[in-house]
Amino acid sequence: MPRLRGMDIAIIGGGAAAVGLLDALTGADGGGTVTVFEPSAALWRGRPYGPDLDSVLVNAPPAIMSIRHGDPGHYAAWLGARGDAHLDERLGQPLVPRALYGEYLEHTAEKAVAELRERGWRVEVVAAPVVGVARSGRLTLRTGDGREHVADQVVLCVGGGRPHDHYGLGGAPGFVGDPYPLARTLEDVPPESEVVVIGSGLTAVDVVVSLAARGHTGRIGMVSRTGVLPYVWQRPGPHRPRHVTVERVKALLDARGEVTLDGLAGLLRAELADAGEDLDVLLADLRAAWTEDPVRRLRRQIAAIDAPEIGRRVLQETAHTVGPYAWRLLPEHDRDMLRGWFRVASGVASPMVPVNAARLLELFDSGQLRVVHGVTGIERVNGGFRVDADRVETAGLVVNAVNPPPHSVPQAAAALVSSLVDEGLAAAHPTGGVVPADPRLHVVGDLAGDGPFITSGIPGVAAQGAMASRAVLAPVG
Ligand SMILES: Cc1cc2nc3c(=O)[nH]c(=O)nc-3n(C[C@H](O)[C@H](O)[C@H](O)COP(=O)(O)OP(=O)(O)OC[C@H]3O[C@@H](n4cnc5c(N)ncnc54)[C@H](O)[C@@H]3O)c2cc1C
């Protein structure tokens, strides 16, 4: 590893992405500084992994929740026997409360900080937001309290931010604009009240199962434009992709000079054919997401948790491993096509955990829960809310569970991002997010404008963090 002298590194944002980056930096001997800027109380945990109800679970098995890129066993080793109390029997894997996963992130960050200090780095956490960066020979960061900090390398790890208020309900009594922590936002919800949850993705599932865990008896509606629920995790199997791999995508590029969706579909077709499966069957199932009754679909997927077919497992895994590489090579019209499938693609890449799926199905079957699609507006009327959708709904409480799409600029980073663009350090990407326009700036996480169209999970931010650490260290490497 290189020996660095006097390099000052600034990491803006202190969530999971920053932890992956710090962990990857630990191999370097130093003499410089690492300063992490994090204004919130969620240091090292970011938005998802703070203290919350036990019903708020991680949404993936341990092998893909390691924050150390290249070491898939890192989180499982930390978890050890603690996982036994959180076994999802259908998945055959521990799925812990996200707050417990947050402890793992804290532990990993604290170890990384200690190791960096041992190697000669001065590491500091500044509890203030960065609101601007200026070129000054080096880079000068300005924090919200008016102070300045000089750096040689700056890494943005600001995450994706909080839900947007699509229906202009902010401030209305009975409207929860950001559901987390659910321990606080659901605390005063009367158990018999009618609740509408905006969205039908993983956050909406968190809200519904948490209401149920608190003994809610009132009716709950999940309202969204599409009404599409995420898929349900299948038990991990022994199959390892042989066709849908980065190497094979590279080979496509070399042989044809381009990588298209058709080319990628060809790799998937070959993968499935080797296992005696038909890609067209899988594609028909994906297309049916728009039309099939969501409860019927959920029931079918719960029945398929142990199914031997590899098709969806391969798609799920490679969306995160091969997807980010392949995405950058696709022509714009293929990317546009995929963006149109955002809802379904997200549901395949990040399925819901079986324990939540089973709970949801119980609630559907009892008539307490329903999915309402085609929502066009939600208004405050007569002390409650009216939802205009395929049918009109009313509710006393509305919980917003629609996360911003990837490449959104978090509100907390809006001034910072404008300043980076104004200074010519970053460029706004035409489809959202930013890309660095200066070799001293790096972006880790969903703000990266050239990154994939689906939200990065932990393996994605860990991989980006490791890549950023190499780039940060490169000037002296
Ligand atoms: C509710 C939820 C649950 C999820 N669960 C899972 C899961 O179980 N498994 C999985 O693989 N993925 C999950 N994800 C995906 C998630 O995106 C990643 O797991 C990961 O948390 C992203 O980390 P991050 O550091 O990029 O962003 P964040 O965790 O959002 O952290 C960004 C940090 O930057 C700070 N910040 C913002 N602006 C500034 C500024 N101007 N100055 C200084 N600091 C700033 C914020 O305060 C925040 O703490 C989940 C996502 C969400 C939203």
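Let me begin at the ligand, where one of its oxygen atoms is 2.7 Å from an N or O atom in the side chain of Tyr-49. I should say straight away that this is a predicted model, and that everything I describe this morning is to be taken in that light.

Staying with the ligand for a moment, there are two further contacts to mention, and these involve the backbone of the protein: a nitrogen atom of the ligand is 3.5 Å from a polar backbone atom of Gly-13, and an oxygen atom of the ligand is 3.4 Å from a polar backbone atom of Cys-157. How much of the ligand does the protein bury? Taken alone, the ligand exposes 990 Å², and 89% of that is buried by the protein. There are 29 residues around the ligand, and those that come nearest are Glu-38, Tyr-49, Asn-59, Ala-412 and Ile-458. If we sort the residues of that shell by character, we find 17 nonpolar, nine polar and three charged.

Tyr-49 is also a good place from which to move on to the aromatic residues, since ring pairs link Tyr-49, Tyr-75, Trp-78, Tyr-101 and Tyr-104 into a cluster. In the structure as a whole there are eight aromatic pairs. Let me take two of them in turn, both of which involve Tyr-75.

In the pair made by Tyr-75 and Trp-78, the ring centres are 6.4 Å apart and the planes meet at 20 degrees, so this pair counts as stacked, the cut-off for stacking being an angle under 30 degrees. Both residues belong to helix H2, which covers residues 74-79, and they are three residues apart, about one turn of the helix. Tyr-75 and Trp-78 are both buried.

The other pair joins Tyr-75 to Tyr-104, and here the geometry is tilted, with 4.9 Å from centre to centre and 55 degrees between the planes. This pair links distant parts of the chain, with Tyr-75 in helix H2 and Tyr-104 in helix H3, residues 98-118, the two being 29 residues apart. Are these two tyrosines, Tyr-75 and Tyr-104, buried or exposed? Tyr-75 has a relative accessibility of 1% and therefore counts as buried, and Tyr-104, with a relative accessible area of 0%, is buried as well.

Trp-78 has one more neighbour that deserves attention, because Arg-82 lies over the face of its ring, at 3.8 Å from the ring centre. Elsewhere, Lys-250 lies over the face of Tyr-325, at 5.9 Å from the ring centre.

Returning to helix H3, I would like to point out Gly-102, which lies in that helix and, at 0% relative accessibility, counts as buried. Along the sequence Gly-102 and Arg-117 are 15 residues apart, while in space their C-alpha atoms are 22 Å apart. The C-alpha atoms of Gly-102 and Trp-233 are likewise separated by 22 Å, although in that case the residues are 131 apart along the chain. Trp-233 itself is in the loop between strand S12, residues 220-224, and helix H6, residues 246-256, and at 7% relative accessibility it counts as buried.

A contrasting case is Ala-463, in helix H16, residues 458-473, which is partly exposed, with a relative accessible area of 26%. Ala-463 and His-69 are 394 residues apart in sequence, and yet their C-alpha atoms are 5.4 Å apart in space.

Finally, some points about the backbone. Which residues other than glycine have a positive phi value? Trp-44 is one of them, with phi near 75 degrees; it lies in the loop between strand S2, residues 33-37, and H2, and it is buried, with a relative accessible area of 5%. His-407 is another, with phi near 80 degrees; it lies in the loop between strand S17, residues 397-400, and helix H15, residues 414-422, and it too is buried, with a relative accessible area of 11%.

There is also a cis peptide bond, which joins Tyr-180 and Pro-181 with omega at about -5 degrees. Pro-181 lies in the loop between strand S10, residues 175-176, and helix H4, residues 182-185.

Terms used: Residues numbered from 1 in each chain as written. Predicted model: local features only at pLDDT ≥ 70, side-chain atom pairs only at ≥ 80, totals over all residues. Heavy atoms only, no water. Phe/Tyr/Trp six-rings, centres within 6.5 Å; stacked < 30°, edge-to-face > 60°. Helix = DSSP H or I, 4+ residues; strand = E, 2+ residues; numbered from the N terminus. Buried < 20%, exposed > 50% of the residue type's maximum accessible area, 1.4 Å probe, protein only. Lys NZ or Arg CZ within 6 Å of the ring centre and 35° of its normal. Near = heavy atom within 4 Å. Polar contact = N/O pair within 3.5 Å; in protein donor to acceptor, adjacent residues only side chain to side chain. Areas by Shrake-Rupley, 256 points an atom, 1.4 Å probe, with all protein chains shown as cover. Nonpolar A, V, L, I, M, F, W, Y, C, P; charged D, E, K, R; others polar.
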